[in-house]
Amino acid sequence: MKTLPKSGKRFWLVPMFLAAVSTWLGGVVGLAAIARGADEPLQIGQRRELFLDGLLIDRLDGCRLHLHPPQAQEVVFQFDQPWEGLYSGYITVLQDGNRFRMYYRGMPKASHGPETEVTCLAESEDGIHWTRPKLGLYEVAGTKENNVVLARHRACTNFAPFIDTRPDCPSDTRYKALGGEGQPGLVAFASADGVRWRQLQQTPVFTEGAFDSQNNAFWSEVEKQYVLYFRVFRQGVRWIARTTSKDFLHWEKPVDLEVGDRPMEHLYTNQIVPYPRAPHIYIGLPTRFFPGRRVLSPEEMREIGTPTWYLNDSVDILMAITRGGSHFHRIPEAFLRPGLDLRCWTSRANYAARGIFQVGNELWFYVQHHCGYPSNHLRRYTIRPDGFVSVRAGADGGFLLTKPLVFSGRQLRINFSTSAGGGLRVELQNAQGQPIPGFTLDDCPEIIGDRLDQPVRWRAGGNLEKLAGQPVRLRFYLRDADLFALRFTSD
């Protein structure tokens, strides 16, 4: 069993520490991603930083990065209306004030086109109980008593809306959307109320992609521009590219997201959005598609009524992280496995909806299951805030050393969890790795518990104002504990 070393001793390293840094649940984290920005201190200011892509990590000893699965909650919606049906999907969930809104494609039979696909709207005050407003805008399936907001348009195949948070956005274009196919391309829409949509121009605004998926745009407050993540095909593989725009109508030359040190995989949707608690980090929940990877027996498929063209494929859901540009980090293990439900083990049966929300002390998101079956539905999932990935140490203890960071403010706060017998301590070092007097491990009382935003204090207090603006390293000792995120504040 390891003992806690004296703070003045050199950081204890196991041989081949680079291999330890790159280990991720038996997989390999790209060392290029971990080394990003290694030559210069990371300017984090007062941003919240998560341990999603290894950007902050210099060394791990006795710790590892641990991916936390979400918790399944209740089924919140059934796609059971005549204009919805088996192949409804491509779901976007938005939060507008105290109201949730869900947009999705209605598609009752396996036939793409303006005559079979519509765009629908559902609403909820609590994110759990949903209703279909009777809008009376389009007659579909013999009635105008429906929740259809767009019909008889090629954009209905993948209509992908968002709420424009640009500070000077006109009120009549507060809702925006893109939709369309590879030919002729993506068409731009706008709406004042999210119900009545108008096309912004007759011609497509962007044409350099395949687009046969959700193509997700948003206003990036960090980048001060619109960002679009969209579908492309590369070497016969479904992949993701990115482009940007200052006005939503004129888009720059696109770039493919980095493949990294793992082979390219079919990513069927991207669902990339700014993480609401740290909007400089974009999180995606892409569906990973395995063509020809058949799991169920013919008897099982007959029993559950698998559609013929869904027989031979399987899918799961990944977690992906990007910080802009071509940067792209895939966690290789599935974030959400298909599980025990046989109807989740066939082609295109699991899709995460676009949208991540904090509700109280939980993050909420939604996943569609059973696409292609009469039981096609949407389920709510939860996870702790920042709780996707942690730096974890077992009972023998371990260390995390960050790269040099430059912060502003005066207090360090952490999101962490320990067992009743575990704990953690924090040390501040200079850029060269020397402990700073008064802020060593020995000066830090053991921190125990489960907190989302815990101030860190040393025996002399927690005021770090004199260290703000200069490079420092953080050295954590963890024992039977998880560290999810950190930030500096002026509190």
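**Notes on strand 31 and the sheet around Pro254**

1. Let's start with a pairing: strand 6 (residues 63-67) and strand 31 run antiparallel, and five bridges join them. For one concrete spot, look at His66, whose bridge partner in strand 31 is Ser390. Keep in mind as you click around that this is a predicted model.

2. Strand 31 has another partner too. Over three bridges, strand 31 pairs with strand 36 (residues 472-489), again in the antiparallel sense. Here you can find Val391 standing opposite Leu483 of strand 36.

3. Is strand 31 mostly covered or mostly open? Mostly covered: of the five residues in strand 31 (389-393), four are buried.

4. Now over to another part of the chain. Strands 17, 18, 19 and 20 form an open sheet in the order 17-18-19-20, and the pairing is antiparallel. Strand 17 (216-220) and strand 20 sit at the edges with a single partner strand each, so one side of each has no neighbour in the sheet.

5. What holds the strand 20 end of the pairing? Two bridges join strand 20 to strand 19, and the two run antiparallel. Arg242 is the residue opposite Val255 of strand 20.

6. Last stop, Pro254. You'll find Pro254 in the loop between strand 19 (237-245) and strand 20 (255-256). Which residues does Pro254 touch, leaving aside neighbours within four places in sequence? The contacts are Phe206, Glu208, Phe230, Arg242 and Thr243. So you meet Arg242 again here: Arg242 is in contact with Pro254 and stands opposite Val255. As for Ala278, 24 residues from Pro254 along the chain, the two C-alpha atoms are separated by 25 Å.

Key. Residues numbered from 1 in each chain as written. Predicted model: local features only at pLDDT ≥ 70, side-chain atom pairs only at ≥ 80, totals over all residues. Heavy atoms only, no water. Contact = heavy atoms within 4.5 Å. Buried < 20%, exposed > 50% of the residue type's maximum accessible area, 1.4 Å probe, protein only. Pairing = 2+ DSSP bridges.
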